[in-house]
Every structure is written in C-alpha cells, then in structure tokens.
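User: Please take a close look at one residue in this model and its setting. Then work outward to the rest of the assembly.

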Amino acid sequence: MKNVTLTINGKTLSVPSGTTVFDAARSLGVEIPALCHHESLPVVSACRLCLVEVEGSRKLQTSCSLLATDGMKVQTETPRLIKYRRAILQLLLDSHPNDCLTCQKAGECLLQKYAYQYGVTFREHDGARRPAQTDLSSPYIVKDDSKCILCGRCVRTCDQVEKERQVLAFAGRGYATRIVADDDKTLETSKCVSCNRCVSLCPVGALLDRRIMGKVRPWEAEVRVKECRSCDYGCHFDVYYKDGKAVAVKARAPEPGRPLCLRGRLMTELLWLERPDTPWRKIGGKFVKASWVKVLGLQRLIDKMELLDAPGDRQ
Amino acid sequence: MITTERDLITIENLREVRERARVKLDGRLKGVSGIAAWEGGYKLTGPFYEKQQRVVLRNCGIIDPENVEEYVALGGYSALAMLLKDWDPKRVIDEMTRSNLRGRGGAGFPTGRKWAEAYRHDVPQKYIICNADEGDPGAFMDRSVLEGDPHSVLEGMAIAGYAVGADMGFIYVRAEYPLAVERLRTAIAEAHERGLLGERILGSDFSFDIELRLGSGAFVCGEGTALMESIEGKRGMPRTKVYRTSHRGLWDCPTIINNVETFANVPVILEKGVDWFLGIGTEDSPGTKVFCIVGKVNNAGLVEVPMGTTINEIVYGIGGGAADGREVKAVQTGGPSGGCIPKSLFDTPVDFGSLARIGSIMGSGGMVVMDDTDCMVDIARFFLDFTVDESCGKCVPCREGTKRMLELLEKITKGKGEEGDLEALSELGEVITSTSLCGLGQTAATPVISTLHYFRSEYEAHVRDKKCPAHSCKELLEYFITEKCIGCTKCARVCPSACISGKVKERHVIDASRCVKCGACQAACPTGAIIKQ
Ligand SMILES: Cc1cc2nc3c(=O)[nH]c(=O)nc-3n(C[C@H](O)[C@H](O)[C@H](O)COP(=O)(O)O)c2cc1C
Ligand code: SF4
Ligand code: SF4
Ligand code: SF4
Ligand code: SF4
Ligand code: SF4
C-alpha cells in the first residue's frame, strides 16, 4: 500500500494512505483528545475536541475524519485549539452534575481527564442543565442521562450487532437530545440483552456497570484481564481485585469478532469472583432473580453428568 | 410524420412538437392581462416585475405547470435534446464549469466543480439529488419554481445525470408543500409518458429516473449529508465528511446534490449559451438570484434580479421601502443564520463575495426588512431561538453553545444583562462558528455576531441602561405620565418606592431610575394617563 508523509507538531512521519491524522498522531505518541471517537466505531466527529490546525487552511479539521496526505503539516496543541477545547469542555461541564466525588466513573472518566488536562472546572450558573433521569430498571446497568454527553458511542456499538441488539438511539433534538432504549423504554422493558457493550465504551458515568458500584474504585483496584472461555469468540473482561480479593467483573471494549454477551460475563464472574452477586434473567421484559444453574442453562448438562458419573452406571 | 398529442417526444420530433405547442400557447395567452410577449417568449408585466430579470422564474406564472407541452413550447427540453444528440458528458461538465454557476442553496459552491468530481469517479452507480427541503421560515423561492415550472428542475436533473453518468435521481421535498409535491408527481408522470424521463430518454441511449422523497420538516434535513441520511432511512443528522459527497454520498456512491434553483438554471444556461449567462450578474457570481423579500417592506414577495444588484435597489427600488411610512433600519439576508446589514451598507452589491465581506451570507435568498421599531437584540434572539430548536443535537458547540447564547440574549432582553455578557456572547459565537460540525452550527451565531458588530450600542443600552432603544423589549419599557394627567396624586400615593412627584392638579413625573415597574400607578390612574414606553 502507498505511504504518505506528513508532519505533526514538527515531527515528520510516514503512514499508509487512508490513515487518519488522529491515528497518525497516536503512532507518534501524540495523544489528541476525543470523547466520541473510538477505534472500534464508525467516525462521527461529534465532540469536536480532536480539531487540529492544518497549515494553509484557516478552517479547523477534526483529526478523526481527516485523512493524512503527503506534505500535510498539522498542529495539535496551538493556543487557538486549546482555547476552543476549553470552551467545549466548559459547555459540557455546564450541563453536567458536579458529582465526581461519588461517581463510580471517577478515575477513569474521560470528561474528568480532559477537564483536568485543560484546567476547566464546574461552575455555578442559572441556565439549563440536563435533567436528572436515571434508569435503574436493569440489575446490570445504570443509565444516568444527566451525565450523558451525547457522544453516541453507546448507540454505535449497540448498533454493530445487527438485529439482535440495535437497542439504543438518539431521540429529540437540540439541547433536549437524549439516548433512549427502543422507543424510550426502560432497559428492562426494551430488548436490551445486558451485554454491556455500551457500558464498556461510555466515556463518562452515564452508563455504569451496576454490579461493580460501591465495591471498588478504579485507582484502588488491581485489574487482571481474563478471556472468556464460554464460546469461541473469546471476549475480554477486567477482573477487579481489592485487597487481594476478586470483587467485580467488567466488560472490556468489544473487539472485532468479539461481541460480548451476558452469559460470558456471568460465566467470568462465576469463575473468578469469590462471592458473585445473584444473577438475574430477563423473562418477558421483566428481570427476575435466578439460580446460577438456570441463568447459565446448565441443568441438562449437570443432570447428564450426574447420570454418567453415577457409580452404578460404571462398567 | 404528424405527431399526436400523447406521442413520445424524441430528439427528431421535438422541434415539431414545440412549434405546434407554441401556437397553442400563443392562442391561450392572447389577451391575458399581466402577460406580454417579450424576446421571443413571454414576461409578466407591472411595476413589481419591471426591475426584475426573470431567468429562473422565466416560466412561472406564464405556463401551465401541469402541461409539459407549454414548457416545451417555450424551449423546454431542447437543451437536453441538444446534449443527447451532439455533446459528450465531458463537454457538459466543461461548459457548466465555465458558466461558474454557483449553488443557490446557500454555500455558493461552483456547480461545475461538483459535477466534475462525480464525473471523475468511474463506478457503476451514481445519484443526483435535488434539494427541495427549503426549511427557511418564510422563504418560498424553491416552492414557487416547483409549483410554477417543475419541468425545468426535472430537465436540469436529467442533464446532471447525463453529465456525471447517473441514472437515478431523488427530489427531497418538504411534505409541507403539498401543491409542489402534487405538481412534481404530475410532471414526473407526464415526462415518463412522453419519453422525457425513464428508459431511452428522447429516443436516445440515455436513461434516467426520478423519485420523490418527502422530508419530515426538520430544518437540518436540508443540509446535504443529513438529507442523504434521511433518504437512507436514518435519523437526519449531518455526517462528518471524510470524502466529499460527490465522491461518496448517498449509499456511499458518488452523488450530486443541488438546490432547486440551481437545477432550474441549468437548462436555460445550456440552451442560451454560457456566454449569455456570463453576461448577467457579476464575475464573482454570474446569473440571477431569486430573493424572498419579507418583513417591514411595502412590496413583499419573490424578486429575481441579476447578482450584483445593490441592497438599496432591492429594498427600495423593488420592495418600495418600509411599510407604514417608517424608516428601514436593516435587512437580514440568508435565512435564520444570516447577518443583519445596517442601512449604511445598502449600496453593497448582492453577490456571494460581497455579502460575506460584510458579515452576512447569501443563504438561500431570504431577505427580512427591519424598521426602526425592531430591536436588534431581540431580532438576534428570535433567530437564535429558531436555530436552538433546529439543532440536531449531534455536536457539542451547536447543541450546548447555541443554548447558552440564547440564554444570554434572553437575559439581556429582559433587562438582566450584566457586564461581561457581550464579551461572553462574542466568545461563544466564535467557538460555535469555528468548531461546529455542519453549516447550521457554523452559521448559527451570525445574527448575533453581525448585530453585535453593527448595532453594539443597542446591546449596551440594554445591558448598561436597561433600555431598549427601539421600545420593543417589553420588560425594558418604562412607565411614563402623559399630558392626560389631571394631577389627582393617586399614583404618587400608591407608588411603593415613592418615585412619583408633582403638585396637586399639575402633571406628575416618574423618576424612572427608582421605578420598580410594579404597575401600581397605572392601575390607580383614573384617566389612563400612565403608559409604558
Ligand atoms: C442547516 C442547513 C440547511 C440547509 N437547507 C437547505 C435547503 O433547504 N435547500 C437547499 O438547497 N440547500 C440547503 N442547505 C445547503 C445544502 O447543504 C447544500 O449545500 C445544497 O443543497 C447544495 O446545493 P447547491 O450547491 O446547488 O446550493 C442547507 C444547509 C444547512 C447547513
Ligand atoms: S461522569 Fe465523569 S465528570 Fe461526570 S461526575 Fe462522573 S467522574 Fe465526574
Ligand atoms: S447492554 Fe448491549 S444490548 Fe443493551 S443497550 Fe447496551 S449494547 Fe445494547
Ligand atoms: S450514554 Fe455514554 S456512550 Fe452513550 S451517548 Fe451518553 S455519554 Fe456517550
Ligand atoms: S462474552 Fe459472550 S460472546 Fe464473548 S466470548 Fe464470552 S460467551 Fe462468547
Ligand atoms: S452543527 Fe448543529 S445541526 Fe450541525 S451537526 Fe452539529 S448539532 Fe447538528
């Protein structure tokens, strides 16, 4: 494949043609901030944080959608860019609850990270804020719309598993835009399968894994990556250890051909956690507590194994 | 061979059909008042039309839009026939490029350049889209063309299809335009019947079809990429452009999207020749532009003039100045996200470049005339209110930033403005303009930025003195005692802040600086002498 040579912040590099400036920068070790962009998802350029300056053009360009070309000269941290990034972050914080103290996402929240990096803080004002609307209907996921920054990552990742998932969507417009499940149902009554793809990609605390809440915070945990052995896809999960004890499991971002599912997650919990929480099953749009045997569909296997293992049967 | 009414029209018999249709049209228009023969065709007469030059609207109000023969009678489909007979697609592209026809949907992008890009990509499927979403409130340029001369748009699209190698076109039209939809349906059906659309157009090898798609009425769906999302059945949100749509547009295929007025220009440019077209308008922007002039003006309506006509000429010469004997103060061009131009700049010629230089845009051709009773701060608030509602919510600066700007403007027009608010408005305006994803956000702040620039003193009066110089912002009105006062002292007695003074039987005076605007005096006055102004 053809290569193109460009300059980023004064450093010259060659990348395969078709590479975005965002990825080219990353390969140089230059991190451009982005909230909506993720390598597993289609590019939407919605958060506008990854804007860069390209020599010869007054118009700023989003590096996530800008293809590198020969001779292109890019700057990623000019005073103008910094000013705009601060303004954009401030706009996000102005609509956001000042809740980092107790937010489960603190420590791994991208909004928090960039606010820190660019020195932007919460402030008092009389204007609108995103209304508090929390969906607690699922035992696996907490959806807190007041913290949502509408990056659309959840919508895009849920959409990638065609037919079976495609639960989440944008609704409303302008400032009243929201993420909804099906036609504004709860996660429980919607067709959500609790795979937690959306949770794993939400950059803020708007979609949280409910089974980790209150158990451990990111900075006090030791995290080990485990591969799910429940099926051939081999998705990855983080197992959180606190004081040497495995306390929680969290889905890692889905990878190509690794879709994530609830069964795999529960299997991972059962394998690694000392005392996993009671599992739940969704039956006819209602979550009900279930036994591990039921939720994992093991009854027939166990019966069969018991039958085969019974001493009288041995020859 | 004698052709009959319902026969297929072909390259060979077009002339014969035209001549026969012309005789019929001449017969029908004979003695019709308001229409006169002109330059081998017809024109509308009367003072409102005298100063106009109707190229796009050449047939509107003259021909019967539901009868393709009347369109043919005045030269319709002869450009298409000529190309199919003698021109290769490359020549069409070159001529369109030479004409420098700039897109009439707002951005003024050169049509030929767009077509050339789509032509360059050698793939089996390409599309032509006509953008007939016309979401600007109060604008009806495109609607008039669709209702009055639908075949000019169909012919323009077919020519584009031939030039770039597309066999399929869509017209995305607002569902709120039922008559336009009806006329288009009729025109498409009639064009099919006569061999002007569909398989083997005019008996040639070229095939091209057109389907209608009805828009949902969201303003942002007029944005090219949001429109394509909508045709694809998705939520109408603008896309980020990794590639131009003329490279990867509808369903990822090379797609030409042009405005109704742009397409309506195409047949006549090719029929009369590019040199003829270049002789109209300016070098920067050849041709004419249709404007929809509304607001506080004497003669509101559709106006088509050569590019480069001054605002003065349009507002006073054709529009007849302000209505009700008032003073014109400003004109806002370019729809809800255009800039407000003060009267002092009315000698500016109207073309893409000149308008941009004075902080406004051509947009789709809306012109709102404002008089001395219009408060420019409130005008800015009004337009922003529209964009806030219409923002699709996808990107942060537009979704969040316009909302904050609107909150600031509401605060200022309510007399609650503070030191620093104007600076905050400017800064937000800059951020939203420079960082938004699509044209809606990128231009949303224009009404605010332009009024802050040209009418800053009005903003300052609101913020510092809590006064609205145009006496328009209700909450900034002051109580005032007129000469009807009989000096009964009732008002002074009820005033809670004791700011009314005056002797018995003499006219009383309110000290506006201490007045708390409770309205008690007005309620107490027996003669109705106390007013708000
Ligand atoms: C918010 C927004 C609304 C728009 N609405 C329209 C519209 O109603 N009609 C139109 O022709 N173009 C509209 N446009 C411009 C289109 O994006 C596009 O530039 C145009 O259709 C291209 O055609 P042209 O080159 O012939 O002007 C709009 C753009 C934006 C950003
Ligand atoms: S989502 Fe992030 S920014 Fe918001 S409260 Fe939680 S940690 Fe703080
Ligand atoms: S958990 Fe899975 S199915 Fe449910 S909304 Fe999230 S991504 Fe979609
Ligand atoms: S819920 Fe999270 S991932 Fe989804 S749009 Fe909101 S912030 Fe983005
Ligand atoms: S999480 Fe589900 S899909 Fe992924 S490997 Fe495990 S069982 Fe398979
Ligand atoms: S600028 Fe506004 S309308 Fe355009 S994509 Fe962003 S939010 Fe949507």
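Analyst:

**A buried cysteine and its surroundings**

C495(B) is buried, with a relative accessible area of 14%. The model is predicted. The cut-off for buried is under 20%, so 14% puts C495(B) in that class. The residue sits in a loop of chain B, between α21 (490-494) and β13 (500-501). A520(B) is 25 residues away along the chain, yet the C-alpha atoms of C495(B) and A520(B) are separated by 6.3 Å.

**The chain around the cysteine**

Chain B has 533 residues, of which 58% count as buried. C495(B) is one of the buried residues. The secondary structure of chain B comes to 22 helices and 15 strands. Its C-alpha atoms fill a box of roughly 100 × 55 × 35 Å along the principal axes. Take the contacts in chain B with a separation of 6 or more: 69% of them join residues 24 or more positions apart.

**Helix α17 of chain B**

Helix α17 of chain B covers residues 421-435, 15 residues in total. At 1.5 Å a residue, the helix should span 21 Å. The end C-alpha atoms are 21 Å apart, so expected and modelled spans agree.

Which residues of α17(B) are buried? The list runs D421(B), L422(B), L425(B), L428(B), G429(B), V431(B), I432(B) and T435(B). Their cover comes from both chains. Chain A contributes β3 (51-54) and α2 (79-94). From chain B, the cover includes α16 (396-413), α18 (439-444), α19 (446-454) and α20 (456-464).

**The interface with chain A**

The size of an interface is often given as the accessible area lost when the parts come together. Here chain B and chain A bury about 2500 Å² between them. Carbon and sulfur atoms carry 58% of that area. By contacts, 31 residues of chain B meet 34 residues of chain A.

The interface also has 3 salt bridges by the rule. Side chains of opposite charge can pair when their charged atoms come close. K83(A) and E430(B) form a salt bridge, with the closest N and O atoms 3.1 Å apart.

**Salt bridges within the chains**

Over all chains, the search finds 57 salt bridges. Chain B offers two examples.

R98(B) pairs with D275(B), the closest N and O atoms being 3.1 Å apart. R98(B) lies in helix α5 (residues 89-99) and D275(B) in helix α12 (residues 274-278), so the pair ties together parts of chain B that are 177 residues apart in sequence. R98(B) is partly exposed at 39% relative accessible area. D275(B) is exposed, at 54%.

E478(B) pairs with K467(B), and here the closest N and O atoms are 3.8 Å apart. Both residues lie in the loop between α20 and β12 (479-481) of chain B, so this pair ties together parts that are 11 residues apart in sequence. E478(B) is partly exposed, with a relative accessible area of 21%. K467(B) is partly exposed too, with 39%.

A network turns up in chain A. Salt bridges that share partners join K143(A), D145(A), R178(A) and D184(A). Within the network, R178(A) and D184(A) form a salt bridge with closest N and O atoms 2.6 Å apart. R178(A) is partly exposed, with a relative accessible area of 22%. D184(A) is partly exposed, with 47%.

**Ligand shells**

Back in chain B, 13 residues surround ligand 6. The closest are C392(B), C395(B), C398(B), C438(B) and G441(B). G441(B) falls within the range of α18 (439-444), one of the elements that cover α17(B). By class, the shell around ligand 6 has 8 nonpolar, 4 polar and 1 charged residues.

Chain A supplies the residues listed around ligand 3 and ligand 5. The shell of ligand 3 includes C158(A), C192(A), C195(A) and C198(A), along with R165(A) and R197(A). That shell divides into 8 nonpolar, 2 polar and 2 charged residues. Around ligand 5, the surrounding residues include C228(A), C231(A), C235(A) and C261(A). Y233(A), F237(A), P259(A) and L260(A) are also among them. The shell of ligand 5 has 8 nonpolar residues, 3 polar and no charged.

Key: Residues numbered from 1 in each chain as written. Chains lettered and ligands numbered in written order. Predicted model: local features only at pLDDT ≥ 70, side-chain atom pairs only at ≥ 80, totals over all residues. Heavy atoms only, no water. Near = heavy atom within 4 Å. Nonpolar A, V, L, I, M, F, W, Y, C, P; charged D, E, K, R; others polar. Helix = DSSP H or I, 4+ residues; strand = E, 2+ residues; numbered from the N terminus. Expected span 1.5 Å × (residues − 1). Buried < 20%, exposed > 50% of the residue type's maximum accessible area, 1.4 Å probe, protein only. Contact = heavy atoms within 4.5 Å. Buried area = accessible area lost by both parts, 1.4 Å probe. Salt bridge = Lys/Arg side-chain N within 4 Å of Asp/Glu carboxyl O.
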